[in-house]
Amino acid sequence: MKITRQRKVQKYLKFFKNHFGFREPYQLLVDATFCFTALKEHVQIKEQLPKYLDAEVKFLTTPCIILEVESLGPSLYGVLQIVKQFGLHKCGHEKRPRPGSKCLKSMVKDNNKNRYILLTQDGSLREDARQIPGTPIIYLHRKTPTMERPSDMSSEVVNEETTQKMDVSEFQKERLKELREKIIGETEKPPKKKRKKKGGPNPLSCLKKKKKPCGPRNNTKVIVEQPKKKRRRVKIAKHIREHWAVLEKQQNVNLA
């Protein structure tokens, strides 16, 4: 079986479990039209349905269904043998048997309180069952068992119950408040949270900004003074100086 079909049927079963109290083993109420299609398509009902639902099941039918098939003659002998394999559920129509569709409809009335899953190919019966909240329907699509999605009536009932649970009237609120005051006493108001006072500005943000030294612009030329070269003193020997002094005196004498 494909994964999508498996997910769908598990999703629908979960809906009926959570909101209408369905539990395993599921009670499958089978009519003659379903057995006729299964015989025609070579579908093994007892083998395929438990696999399809992935759960324990219990097959049921009614005396009205068996009497209806018997009344249709030997042409439906194979259908009769299939129907007789299932458990017989008393429908209360022993004195006055009804047609199979009316019998099954009476079995699921009163919001399907016995939690049957209806197995039928009868279009009119399926349409009537959709108007009864909490009634799952399974039919054969050729050789494939298929569960219908929950009907609009079932979804509406679930939505109404959900809103009723969520809505709490003003009277109920006041009543709960009175009971709480009687049991616990006067309700203490929760302490108010102290608001933080607005403080002054951050002192660090109030400090004066330090003035940055203005550097030379890109257009101005910077003149760098080069250090002056120191003269190197040359020491002259004493006898040389005396010799130069003698020469200077001789020159002065000659000039005179």
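The following exercises, each with a worked solution, concern a predicted model of one protein chain.

Residues are numbered from 1 along each chain as its sequence is written. In this predicted model, local features need pLDDT of at least 70, side-chain atom pairs count only at pLDDT 80 or more, totals for chains, interfaces and linings use all residues, and side-chain values use heavy atoms, with hydrogens and water left out.

**Exercise 1. The chain as a whole**

Task: State how many helices and strands the chain has, and what percentage of its residues count as buried.

Solution.
1. Helices (H or I, at least four residues) and strands (E, at least two) are DSSP runs, numbered from the N terminus. The chain has 12 helices and six strands.
2. Buried means under 20% relative accessible area, exposed over 50%, and partly exposed in between (1.4 Å probe, protein chains only). Of the 256 residues, 27% count as buried.
3. The chain exposes about 21,400 Å², of which carbon and sulfur atoms supply 52%; such areas come from the Shrake-Rupley method with a 1.4 Å probe, and for residues only the protein chains shown count as cover.

**Exercise 2. Two packed helices**

Task: Describe how helix H1 packs with helix H3, and classify the residues of their contact.

Solution.
1. Two packed helices are described by the angle between their axes and the distance between the axes. Axes are lines fitted to C-alpha atoms, for helices over the stretch in contact, and angles run from 0 to 180 degrees between N-to-C directions.
2. H1 (residues 3–20) and H3 (residues 45–53) pack at about 75 degrees, and their axes are 9 Å apart. H1 is therefore roughly perpendicular to H3; angles under 35 degrees count as roughly parallel, over 145 as roughly antiparallel, 65 to 115 as roughly perpendicular and the rest as oblique.
3. Contact means heavy atoms within 4.5 Å. From H1, Arg5, Gln6, Val9, Gln10 and Leu13 meet Lys51, Tyr52 and Leu53 of H3.
4. These residues divide into four nonpolar, two polar and two charged. Ala, Val, Leu, Ile, Met, Phe, Trp, Tyr, Cys and Pro count as nonpolar, Asp, Glu, Lys and Arg as charged, and the others, Gly among them, as polar.

**Exercise 3. A hairpin**

Task: Determine in which sense strands S5 and S6 pair, and which residues form the covered face of S6.

Solution.
1. Two strands pair if DSSP finds at least two bridges between them. S5 (residues 137–141) and S6 pair in the antiparallel sense over four bridges. Leu140, for instance, has Pro145 in S6 as its bridge partner.
2. In a regular strand the side chains alternate between the two faces of the sheet. In S6 (residues 144–147), Pro145 and Met147 form the covered face, whereas Thr144 and Thr146 form the uncovered one.
3. Two residues lie between the strands of this hairpin, and Arg142 takes a positive phi near 60 degrees. Arg142 counts as exposed, at 66% relative accessibility. Its C-alpha atom is 9.3 Å from that of Lys40, although the two residues are 102 apart along the chain.

**Exercise 4. Thr62 and Ile65**

Task: Establish whether Thr62 and Ile65 are buried or exposed, and name their contacts beyond four places in sequence.

Solution.
1. Thr62 is found in the loop between strand S2 (57–61) and helix H4 (63–71). With a relative accessible area of 0%, Thr62 is buried.
2. The contacts of Thr62 beyond four places in sequence are Leu29, Leu88, His89, Cys91, Cys103, Leu104 and Met107.
3. Ile65 lies in H4 and is buried, at 1% relative accessibility. Beyond four places in sequence, Ile65 contacts Val30, Asp31, Ala32, Val83, Gly100 and Leu104.
4. Ile65 and Ala32 are 33 residues apart in sequence, with their C-alpha atoms 6.5 Å apart.
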